[in-house]
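User: I would like to go through this structure term by term, asking for the value behind each description. Please set each one against its cut-off where the reasoning needs it.

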Amino acid sequence: MAPAIQAENLVKTFGDVRALDGVSLDVPEGTVLGLLGPNGAGKTTTVRVLTTLLRPDSGRAVVAGVDVLKHPNKVRSLIGLSGQYAAVDEYLTGFENLQMVGELYQMSAREAKARARELLEWFNLAEARDRIAKTYSGGMRRRLDLAAALVVRPPVMFLDEPTTGLDPRNRLALWEVIETLVEQGTTLLLTTQYLEEADRLAHDIAVVDHGRVIARGTADQLKAQIGGERIEVVVHRADQAAEAVAALSEYALGEASVEKNTRRITVPVSGGARVLADAIRELDARSIEIDDIGLRRPTLDDVFLSLTGHVTEAGTEENDGAGKGGRGRGGHGKGRAGEDGKDGGSGRGPDKQAVTAGKEL
Ligand SMILES: Nc1ncnc2c1ncn2[C@@H]1O[C@H](COP(=O)(O)OP(=O)(O)OP(=O)(O)O)[C@@H](O)[C@H]1O
Ligand SMILES: [Mg+2]
């Protein structure tokens with residue numbers, strides 16, 4: 001069966017910035033692809049090309065069997081899109097916004113109203129249905145925009161950072177809505193900076209950085225790729241962090257990362273509980289006080305760190321979330337900071353990459 005979304009070698013430059021540097025991907029029908037990457041990686045640009053909003057400099061894309069560059073209008077009738085920035089009509093009520101979308105897509109008035117009511121329920125907006133969207137909070141607008149993308153039940157959906165700016169309850173609710181859609185056969189491409197979200201929703205994950213897909217696989221495959229477990233230690237005194245890293249280096253398979261703010265040290269290891277017990281003895285022998293210690297499987301955060309040499313950022317323009325539950329991280333993993341200098345236009349530098357997302361719940 002042909003994939004529902006297919007991109008081959010997409011290139012798009014904006015002046016000096018190579019936003020897409022040869023993106024290729026495919027999404028089999030009825031599955032979810034998570035496009036995961038930090039700010040400026042090229043996620044939105046990929047979505048804009050695939051949804052006909054932007055012409056690439058070169059490359060090819062086919063969505064729902066239709067060539068995106070040759071037949072953009074046809075493609076538009078087969079897709080739903082919810083962009084990174086909510087696009088709702090401020091002066092219509094929530095209900096009217098949804099009803100209008102239905103009527104634009106040739107539903108009868110009756111059908112459009114019924115669908116609007118159903119979606120307002122789904123997205124916890126029923127109480128606010130008769131207020132104009134101008135009075136909605138950011139998270140409410142976001143949900144209304146997502147609801148609008150679902151009015152016509154398109155076979156292929158694109159959601160650009162669907163849960164950014166949503167509180168935990170609404171994020172969970174949206175995950176459930178997305179899961180329902182997928183059960184009903186919708187093919188979905190969603191972008192996210194939340195590793196946990198990709199892990200939960202996506203059958204397959206493409207990690208993008210600097211306009212390229214740098215890794216592809218299921219969450220489990222990506223985790224297996226970097227292997228090992230992690231020992232995580234929170235030291236009581238910040239001035240003992242360096243000594244703790246030294247103590248753990250004996251067991252480490254790779255470089256330790258240190259989050260200065262939280263005094264958390266993470267070290268890749270193998271050998272399970274035995275290594276943990278040895279590590280505790282070693283820390284104790286050196287009189288290092290610890291607040292917490294544990295062993296865990298690698299997360300997608302670790303995958304990202306190991307693939308790119310830097311962690312993901314929580315901050316986006318609409319949700320500058322550095323202080324919003326993101327975890328500070330000091331280290332830059334394998335120290336490929338030199339490569340970051342290549343892409344001057346992305347506005348990312350090693351110093352900004354100190355906060356991870358995805359652990360907010
Ligand atoms: N219209 C534009 N004009 C100039 N540069 C652009 C334009 N759109 C995107 N870019 C640049 O292309 C690169 C990729 O941007 P894109 O919006 O695709 O990133 P993203 O992965 O969606 O990031 P974020 O997580 O912040 O949404 C960035 O360096 C960005 O500054
Ligand atoms: Mg974006």
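User: What is the mean pLDDT of the chain, and what share of its residues reach 70 or more?

Analyst: This is a predicted model, and the mean pLDDT of its chain is 83, with 84% of the residues reaching 70 or more. Among the elements of the chain, strand β4 (residues 58-63) has the highest mean pLDDT, 98, whereas strand β16 (residues 355-356) has the lowest, 29.

User: Over which residues does pLDDT stay under 50?

Analyst: That holds for residues 314-361, for which the model nevertheless has 103 contacts beyond four places in sequence. Where pLDDT is low, the predicted coordinates should not be read in detail.

User: Why is E232 called partly exposed?

Analyst: E232 has 16 other C-beta atoms within 10 Å, and because a residue counts as buried at 20 or more and as exposed at 12 or fewer, a residue in between is partly exposed. The place of E232 is in strand β11 (residues 229-235). Leaving aside neighbours within four places in sequence, E232 is in contact with R264, T266, I293, G294 and R296. Of the pair E232 and R264, one can add that they are 32 residues apart in sequence and 6.7 Å apart in space, C-alpha to C-alpha.

User: What makes α8 oblique to α11?

Analyst: The axes of helix α8 (residues 219-226) and helix α11 (residues 300-308) cross at roughly 55 degrees and come within 9 Å. Angles under 35 degrees count as roughly parallel and those from 65 to 115 as roughly perpendicular, so an angle between these ranges is oblique, and α8 is therefore oblique to α11. The contact is made by A219, L222, K223, Q225 and I226 of α8 together with L300, D302, V303 and S306 of α11.

User: Is the crossing of α8 and α11 left-handed or right-handed?

Analyst: The crossing of these two helices, α8 and α11, is left-handed.

User: How do you know that β7 and β8 pair, and in which sense?

Analyst: Strand β7 (residues 156-160) and strand β8 (residues 187-192) are joined over five bridges in the parallel sense, and because at least two bridges are required, the two strands pair. One of the bridge partnerships is that of L159 with L190 in β8.

User: Which strands are the edge strands of the open sheet?

Analyst: The open sheet has six strands in the order β6-β7-β8-β3-β9-β10, with mixed pairing. Its edge strands are β6 (79-82) and β10 (212-217), each of which pairs on one side only. Neighbouring strands of this sheet are turned by 15 degrees against each other on average, direction ignored.

Definitions and conventions
Residues numbered from 1 in each chain as written. Chains lettered and ligands numbered in written order. Predicted model: local features only at pLDDT ≥ 70, side-chain atom pairs only at ≥ 80, totals over all residues. Helix = DSSP H or I, 4+ residues; strand = E, 2+ residues; numbered from the N terminus. Axes fitted to C-alpha atoms, helices over the stretch in contact; angles between N-to-C directions. pLDDT = per-residue confidence, 0-100. Contact = placed C-beta atoms within 7 Å. Parallel < 35°, antiparallel > 145°, perpendicular 65-115°, else oblique. Left-handed = near helix turned anticlockwise from the far one by under 90°.
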